[in-house]
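Could you walk me through this structure in the viewer, one selection after another? I would like to know what to pick at each stop and what is there.

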Amino acid sequence: MPDTTAPAMPHTPTDPHSFARPTEVSVHHLDLNLTVDFAAQTLAGHATWQLANSTGVTELFLDARSLEIEEVLLGGPQGPPTTFTLGEEDAVLGQSLCIVIEPTTEAVTIRYRTTPGAAALQWLAPEQTAGRVHPFLFTQSQAILARTWIPCQDSPGVRFTYEAQVHVPAELLALMSAENPQQRSTTGAYRFRMDQPIPAYLMALAVGNLEFEALSPRTGVYAEPETLPIATSEFADLENMVVAAEDLYGPYRWERYDLLVLPPSFPFGGMENPRLTFVTPTILAGDRSLTSLVAHELAHSWSGNLVTNATWNDFWLNEGFTVYFERRIMEKLYGRPYSDMLQVLGHTGLLHTIEELGPESPDTHLHLALAGRDPDEGLNEIAYEKGDYLLLTLEHLVGREALDTFIKEYFARHSFQSMDTDSFVAYLRRELLDQHPGLEDQVQLDAWINGPGIPAVAPPVSSARFAAVEEALGQWQAGASVVSLATAEWSSHEWVHFLHGLPPALPAEKLAELDDAYGFTQSGNSEILAAWFPHTIAAGYSPADEALHNFLTHVGRRKFLVPLYRALLATPGGAARAQQIYAEARPNYHAVASVTFDALLGKPAE
């Protein structure tokens, strides 16, 4: 049996995105029993929560959204019923689930079922999968969507262990963010166990026609059979990545590190579910050129999963450290010139985000104020790239050795705990800044945390490989033949930089010249396509129309789709075209993406 002793609760600020009151009663272990019904598009069963009541209160508050609560019992599944109430519906937060307990109550069981519109759950028909024979289900719980499939204390500051029994059709394999099977059960019944405490947003479930292939004794890949061969080739360096990460910042604490390649509708590049990172098939480029995304999700095994932002206002503590760590892994594997390209690409994205939000916008602060808003509004380059840039500035000022010592110790001391911004700043001052007189003034720490934009102290970033790209671009714009450019050794990052550097109003005939030479429209690389299509949209370059339509209707990754829909909206007649494509594509998108596109384009008529 796992250790169900309640972990010590570190001091954390009140979470504005949760109804839970963990300082009164906290959950610390979950027993979950669910049946997956593809026909009804529901999960049904019960969740038993082990409790720690530190104050003797008689009410337990959980988060719920779009759940049908059938019954609540004191104790296990055979316990006596108790009274519960669902609070008023909030458009972002859902409802509070208030359960009457005794001061001595050690567990409660909630019998419930999800609804077909549960935002965390994506139900895919067979024709939306690679094999086109079997259906597929996957969850996306971050940031506050775990409450749409499990009644829980849905705050990143609350951690728990769990066990689960999941019942699925016998021809399908079920996986969770836990110890996972590597072969299909003949009965469709699966048992899972996660002994390390995690927050609710790292709860994950996937069900589909999946197979597994090991890459090393502790790493491997799950994918549909049609996708598995290219995936195992693409991720051949996975064990080397884990070793590189451990060399930097200490032992990997989660036993196995496996990947699950999802169907294309997955709304993100990856999701760092413990033991089982979910990844988009859009990184299967055939040349391992987009695997920095995997390095990013792996780095989350330390920054995010091991030490977790206490609230979504502190999101930069997850992502800033992870971006910095990701690039250190990539440098260790592929050299500094390679990681420099990633740094410049990230910096470019940061500048674009600051321009979009406004240079004085409080949303460009690292420490955010997201109360009353969907925390997904903080999921942008500020948390990722400005957070990384602060750490890069510290490295520039104190040196890598001192910063690496600090980061490694930070992860070790705060393992399986949450961290808020104020506590981190106090720790940073005590353990690093105070060791170097005058350093805090040099860093301009408050300007990073509570100020807009990029502080002037930030060091410049550059890439020798991108400088060569810019030289080639200049030669072409000066009249050189496109086939004369020295592009033979370029990675996808160099091609993306080249496309980003093109003038925004190139005529169709110039795009045709590039397309004839380099085959951008027919590229199998999603990053290249996403950088190419804005030019084809603006120029009305019709040879790319079919490929653009196919991309928008099959790929669900929000990072790619938002700029493309915006580019369509900016063209004459583009709004009608965008809405027509979206009406066709929307069933393929996860709810996380559809919410964004409904606001951008308007929800299509049923």
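Here is a tour through sheets, salt bridges, a pocket and a cavity, in a model that is predicted.

**Stop 1: a sheet of four strands**

Begin by selecting β8, β9, β13 and β11, and colour them in that order, since this is how the 4 strands sit side by side in an open sheet. The pairing here is antiparallel. At the edges you will find β8 (121-124) and β11 (173-176), each of which pairs on one side only. Turn the view along the sheet and you can follow the twist, which averages 15° from one strand to the next.

Now keep just β11 and β13 on screen. β13 covers residues 205-208, and 4 bridges join this strand to β11 in the antiparallel sense. Which residue of β13 stands opposite Leu-175? Show side chains and look for Ala-206, the residue facing Leu-175.

**Stop 2: a sheet of five strands**

Next, select β14, β15, β16, β18 and β17. These 5 strands make an open sheet in that order, and their pairing is mixed. The edge strands are β14 (211-216) and β17, and each pairs on one side only.

Zoom in on β16 and β18, which run parallel and are joined by 4 bridges. For a single pair to label, take Val-261, whose bridge partner in β18 is Val-279.

**Stop 3: salt bridges across the sequence**

The whole structure holds 28 salt bridges. Three of them are good places to pause.

Stay in this region and pick Glu-255 and Arg-275, whose side chains meet in a salt bridge with an N to O distance of 3.4 Å. Glu-255 sits in the loop between α2 (238-249) and β16 (257-261), while Arg-275 sits in the loop between β17 (270-271) and β18 (276-279), so the contact ties together parts that are 20 residues apart in sequence. Is each partner buried or exposed, or in between? Glu-255 is partly exposed at 48% relative accessible area, whereas Arg-275 is buried at 4%.

Move on to Glu-331 and Arg-400, a salt bridge in which the closest N and O atoms are 2.7 Å apart. Because Glu-331 belongs to helix α4 (residues 315-334) and Arg-400 to helix α7 (residues 400-413), this pair ties together parts that are 69 residues apart in sequence. Glu-331 is buried, with a relative accessible area of 17%. Arg-400 counts as partly exposed, at 25%.

For the third pair, select Lys-559 and Glu-527, which meet in a salt bridge at 2.8 Å, N to O. Lys-559 lies in helix α16 (residues 558-569) and Glu-527 in helix α14, so parts that are 32 residues apart in sequence are tied together. Lys-559 is partly exposed, with a relative accessible area of 47%. Glu-527 has a relative accessible area of 19% and is buried, because the cut-off for that class is under 20%.

Before leaving the charges, select Glu-409, Arg-413, Arg-430 and Glu-431. These residues are linked in a network of salt bridges.

**Stop 4: the second largest pocket**

Switch on a surface and go to the second largest pocket, which has about 700 Å³ of space. To centre your view, select Pro-264, Pro-281, Asn-550, His-554 and Val-555, the closest to the pocket centre among the 31 lining residues. Which elements give two or more residues to the lining? They are α14 (526-539) and α15 (545-554). The largest share comes from α15, with 5 residues. Colour the lining by class and you will get 14 nonpolar, 14 polar and 3 charged residues.

**Stop 5: the largest cavity**

Finish with the enclosed spaces: there are 3 cavities of 30 Å³ or more. The largest cavity has a volume of about 80 Å³. To show its walls, select Gln-140, Gln-142, Ala-143, Phe-268, Trp-312, Phe-315, Leu-370, Pro-375, Asp-376, Gly-378 and Leu-379. How many residues of each class does that lining hold? The lining of the largest cavity has 7 nonpolar, 3 polar and 1 charged residues.

How values were computed. Residues numbered from 1 in each chain as written. Predicted model: local features only at pLDDT ≥ 70, side-chain atom pairs only at ≥ 80, totals over all residues. Heavy atoms only, no water. Pairing = 2+ DSSP bridges. Axes fitted to C-alpha atoms, helices over the stretch in contact; angles between N-to-C directions. 1 Å grid on protein atoms, 1.4 Å probe; cavity = no way out; pocket = protein on both sides within 12 Å on 5 of 7 lines; lining within 4 Å. Points joined across faces, edges and corners; volume = space filled by probe spheres on them. Nonpolar A, V, L, I, M, F, W, Y, C, P; charged D, E, K, R; others polar. Salt bridge = Lys/Arg side-chain N within 4 Å of Asp/Glu carboxyl O. Buried < 20%, exposed > 50% of the residue type's maximum accessible area, 1.4 Å probe, protein only.
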